[in-house]
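New to this one? Here's a quick briefing to read alongside the picture.

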Amino acid sequence: DIRIYVEEAPGQRREIMAPTDMGLSLMELLKASGYDIMATCGGMALCATCHVEVLAGPALPEPEDAELDMLETLPVVHLGSRLSCQIRLTPRTDGLVVRLAPTGA
Ligand code: FES
């Protein structure tokens, strides 16, 4: 298992243990952990309601074009903005720190 951290308030991080052998996305983990993420499109990079801001941790694979296009539609993006449905949980994502980002919608 790996550890993912969610910054719920400045300086306040919740640690979540996550399996890496189930092909889970970060979006699925966050939903299963009780966060209010709509994920209207079901993880297809088509809705951007799963927007998160990556604050720290290991380098992630670069976003695909579909993710970049969708991020461009958001009124507010951050340096570390990503669609959590496009982040696959693997041993290489151990220690990732994210914050749920406002969609601005
Ligand atoms: Fe729709 Fe991620 S769940 S873009």
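What follows is a short lead and then some notes by topic.

You're looking at a predicted model, and the protein in it averages a pLDDT of 94. Two helices and five strands make up its list of elements. Its radius of gyration is 13 Å, close to the 13 Å that the globule rule gives for 105 residues, so the protein is as compact as a globular protein of that length.

**How confident is the predictor?**
- A pLDDT of at least 70 is reached by 96% of the residues.
- For the complex, the predictor gives an ipTM of 0.99, along with a pTM of 0.94.
- A word of caution for any model like this: where pLDDT is low, the predicted coordinates shouldn't be read in detail.

**Overall layout**
- Start at the N terminus and walk along the chain, and the elements come in the order β-β-α-β-α-β-β.
- Taken along the principal axes, the box filled by the C-alpha atoms is roughly 35 × 30 × 25 Å.
- Buried residues account for 25% of the 105 in the protein.
- Take the contacts between residues at least 6 apart in sequence: 62% of them join residues at least 24 apart.

**Strands around strand 5**
- Strand 5 covers residues 96–100, and it pairs with strand 1 (residues 2–9) in the parallel sense, over three bridges.
- Within that pairing, look for Ile4, which has Leu96 of strand 5 opposite it.
- Strand 5 also has strand 3 (residues 51–56) as a partner; these two run antiparallel and are joined by four bridges.
- Here the pair to find is Ala56 and Val97, with Val97 sitting in strand 5 and Ala56 standing opposite.

**The nonpolar core**
- The largest nonpolar core holds 20 residues, and Leu26, Met27 and Leu29 are the ones with the most contacts inside it.
- Which elements give two or more residues to this core? They are strand 1, helix 1 (26–32), strand 3 and strand 5.
- Of these, helix 1 gives the most, with four residues.
- Leu26 is a good residue to click on: leaving aside residues up to four places away in sequence, it touches Val52, Ser84, Ile87 and Leu89.

**Putting it together**
- Strand 5 is a handy landmark, with strand 1 paired to it in parallel and strand 3 paired to it antiparallel.
- Those three strands turn up again in the core, each giving two or more residues, along with helix 1.

Definitions and conventions
Residues numbered from 1 in each chain as written. Predicted model: local features only at pLDDT ≥ 70, side-chain atom pairs only at ≥ 80, totals over all residues. pLDDT = per-residue confidence, 0-100. Pairing = 2+ DSSP bridges. Core = buried A, V, L, I, M, F, W, Y, C linked by C-beta atoms within 7 Å. Buried ≥ 20, exposed ≤ 12 C-beta atoms within 10 Å, placed from the backbone. Contact = placed C-beta atoms within 7 Å. Rg over C-alpha atoms; globule rule 2.2 N^0.38 Å.
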